[in-house]
Amino acid sequence: MAEKYKLIKDLIRLEIEDFTFPKKEYRTGRHDTVLPYNWALGPTWTRFFDGLKEEKIFGTRCKKCNKVLVPARTFCPICYEDMEEWVELPQEGSLETWCLVNYKYYGQVKKPPYIIAQIRLDKADCSLTHFIGGFSLSDPGKVRNKMKTVSRVKAVWSKEKHSDIYDIAYFKPV
Amino acid sequence: MVEQKEKPRKVASMGLVPYEMALGPTWTRFFEGFKEKKILGTKCNTCGRVLVPARPFCPRCFEPMEEWVEVAQEGTIVTWSYVNYTYFGVTPDMIPVIAATIKLDGVDCAMGMSTRIGGFDIKDFDLVTKKVKVGARVKAVWRRKRQGNFRDIDYWKIIE
Amino acid sequence: MGRAVAVIGTGQTKHGRRDDLSYPDLVRQAVKAVFEDAGITPKDVDGVVYGSMPSMMEGVAYNHFYFADALRVVGKPLLRTETCGSTGQSVAHTAIHWVASGMADVVLAIASEKEHEGDAQATMMTILEPFLLVVIGGAPVAFSLQSREWMGYYHIDDDKAREAASIVSVDSHNGGLANPFAHIRVQLTKEDVSKAPIITYPVRLYDVCPVSDGACAVLFASEEKAKKICKKPAWVKGMGFRGEEYFIGDSNKAVWQSTIEASKEAYKQAGITNPLKELDVAEVYNPFSYQELMFLECLGLCPPGEAPEYVIKGTFSPGGELPCDPSGGVLCTNPIGAAGLIRVAEAALQVTGKAGEHQVEGAKLALSHAMGGAEQFNGITILGSKL
C-alpha cells in the first residue's frame, strides 16, 4: 500500500492486504488514505470494556423508563436522562435474528463465512450485535438447518483479551 | 461489580481506505504535456481567458474550454510561504518547503499547484526572506525523468 | 426573507482536549445545555440540523447516525450540511431557512468536532484531490499564502502587518481568558506573539488556532414561539453566504469576493449602511491572526488595505469602536465543524446580555461569520436584540 502504511503498521492487529481495483481503460490516479485515529471511549464505555476483560457483560438501567440497555450507555436514548445504575447481565439469551455472511470485501474484520446476529440477553431490553459460532459454517444449507433449531445462545470468551467487543469470541447455541 | 479503575481510555486505530480516481480526458492531456516538458492551458471562447491547469470548462462562463494553448514557463510570484512544521505523513526530512502561487506570463490566473520555490539553500531563513519576494520572476525546472504528474516540475527557481 | 426567526437558547461544551468523553457524550453535553438554557424539552423541537467536517476527520462515517441518540433525532426530520470551516454558519442558515419558510416552528442546530481523535492537518491534506492542488503545510500554508498576497497587493509593510497581527492575537487570547468555554486560556504579550516559532511564515505559533474538541447547539424559533417561550430572544436580522471557484489562483484573494458579497447581502437584509458604527460587536472567524486583518476589510469594517492602521489604533480591541471576538474567537477555540456555530451562539449571548465576563456593554447588534474551504465559502449571520 502507501508509504504511510509503514508509519502505522504497529497499530494494526488485523491483517490488511493490498487492494486491487478492477481494470479501467482511461488514466487514473491511486489515492489511498492512510490516517491514524485515537478514539476517546469516555467513562461509560471504558467501564463496559473493562467489564468484558473480566468476562462480565454490563448494561445500564434508566431511572425513568426502567429499561436496561446493553452495551452500557451514558444516557437513555428515549428519556435523555443519565443512566447511572449498572447491571451485570446474564451471559445467555435468545436469538432474535441472524445472517450468514459469505462474501469478501476490503477491510472485513473477520474472514468469511461468519454469522452476524442480534442476541437478546436475559434481563436486557434491547438486543446486542455479535457473532454466532462454535460449529462448521462451510455449508450454507447445513447452517440454515442448524440455525432453524437454535433459540438460545451463550457467550464464549476469547482466550486473549484486549478490552474490546471481540473479547466475546462468539455466542454458541445451547 | 467492576468499579471505574482508571481514567477513561483512548483506543488507537487507523483508517486505511484505497481509492482510484479517474483523471478525465482534460487532466490526462494536461499531464501528458508535462512528460514533454510542456505546460498546457485552455482558452475560453467566451471570455478569452487562458487558464492553467487546463480545464474542461470555464468556471465563470460555464462553457467548454476546447482550445489548448502551450504557455510560457516563466512567471511572477503572487504569494509565498515558508512551511516549517510536520504532521502525520510529513516527516522532518521533508521540510522546510517554500510554497508559492505563481502567475505565468500570458495566463489569466495564478497557479498554486504544488509549486515550490527552490534552487538555493532554503534552510537559510534569512536568505529566503532576501530572495523570495512577491513579484519576483521564476522559471520552471523540470525533473530529468518525468511520469506525467505534478512532481515532474521539480521546483521553480528565482531568476534575477 | 420569510418569517422572523430568533435564537431562543444556546449551549456549548467546555472546548479543549476532551479525552474524558466519547464523541457522542460530548455532543450530548451541548444538546443538554441548550435545552436547559431555552427551558424547553426535545418534544418541542420540529427538526434537527447537524454539521461537522467530513467523516475522515474522526474516522467514523455518517456521524449523524453514530450519535443520532445524542442529537435527539429519533422521531424527527434531520438535515445534514457541511461546508468545511463554514459548516457552523451553514448549519445555522439551514435551520433559519427551515423556520423562516414556515415548515417548522422550532429547529435544533448542532455542530461538533473531536479533532484529538484524528490528525486534523493530515486528514485535511489527505482528503484533497491528489492531482493538482497538492501542498505540504496543511491549512496554515493556504492562509499564509493568502496573507502574503494581501500584503503584496496593498503594499503593506511586513513589520506593520506583524504588529497588527500580534495585537489581534493578544486581544483574542485575552478574550479566551474571559470565556469559561474557551480552549486556550493563556496570557500573551505582543512580544511573545511576534517572536514565537515559525509554522508557515509569516504565521507563527500564536497566530494559529488550536486543535480542539467541542460541540455547540443553538435553538431557532419562529416569532410566535420565541415570544411565548423566550424572555430575551436574539433576532436574526440578516444572513449572507457566497461560494468561489476551486483553484485558489483563479481569483484575487486579497479582495475576497465571497466575503465582500456575503457581507453586503447580510447588511442589506439587516438595514445596515455603516457597519463599523452600527454594529456593537463582531464575532469574526479568525483561525489565523493575519486572516482577521483581511476579514475586517472584506467585511466592510474598514477601508481596503487599512486594517493594520485601524487595529493598531485600537478600533477593534476591547473598549474600541467595534470589539472583535471578545469570546477569544477561533484563535482560542477551533473545533472546526462547530466554530461557525459558536460564533452565532456568542453573538446571541452578546445581544441578550448573557455573555458574563466577556460581555460587551450595551451590545444590541452583533455580527457572526465563518469561512470554509481553502477560501471558497463565507457565511455571515447578524443577530439583534430588537425584532
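Between chain A and chain C, about 2100 Å² of area is buried, and carbon and sulfur atoms give 57% of that area. The model described here is a predicted one, and the values that follow should be read with that in mind. To this contact chain A brings 22 residues, while chain C brings 31 residues.

Turning to the charged and polar links across this interface, one finds two salt bridges between chain A and chain C. One of them joins the side chains of A:Asp82 and C:Arg28, with a distance of 2.6 Å from N to O. Polar contacts are also present, and eleven residue pairs are counted between chain A and chain C, with both residues at pLDDT 80 or more.

On the side of chain A that touches chain C, at least two residues each come from strand E2, which spans 33-40, and from helix H1, which spans 42-53. Strand E2 of chain A gives the largest share of this side, namely seven residues. By character, the residues on this side of chain A comprise twelve nonpolar, seven polar and three charged ones.

A single residue of chain C, C:Gln121, can be followed in more detail, and its place is in helix H4 of chain C, which covers residues 120-126. Is C:Gln121 buried or exposed? Its relative accessible area is 17%, so C:Gln121 counts as buried, the cut-off being under 20%. Leaving aside residues up to four places away in sequence, C:Gln121 touches B:Tyr85 and B:Tyr87 of chain B, together with C:Gly138, C:Ala139 and C:Pro140 of chain C.

Technical notes:
Residues numbered from 1 in each chain as written. Chains lettered and ligands numbered in written order. Predicted model: local features only at pLDDT ≥ 70, side-chain atom pairs only at ≥ 80, totals over all residues. Heavy atoms only, no water. Contact = heavy atoms within 4.5 Å. Buried area = accessible area lost by both parts, 1.4 Å probe. Salt bridge = Lys/Arg side-chain N within 4 Å of Asp/Glu carboxyl O. Polar contact = N/O pair within 3.5 Å; in protein donor to acceptor, adjacent residues only side chain to side chain. Helix = DSSP H or I, 4+ residues; strand = E, 2+ residues; numbered from the N terminus. Nonpolar A, V, L, I, M, F, W, Y, C, P; charged D, E, K, R; others polar. Buried < 20%, exposed > 50% of the residue type's maximum accessible area, 1.4 Å probe, protein only.
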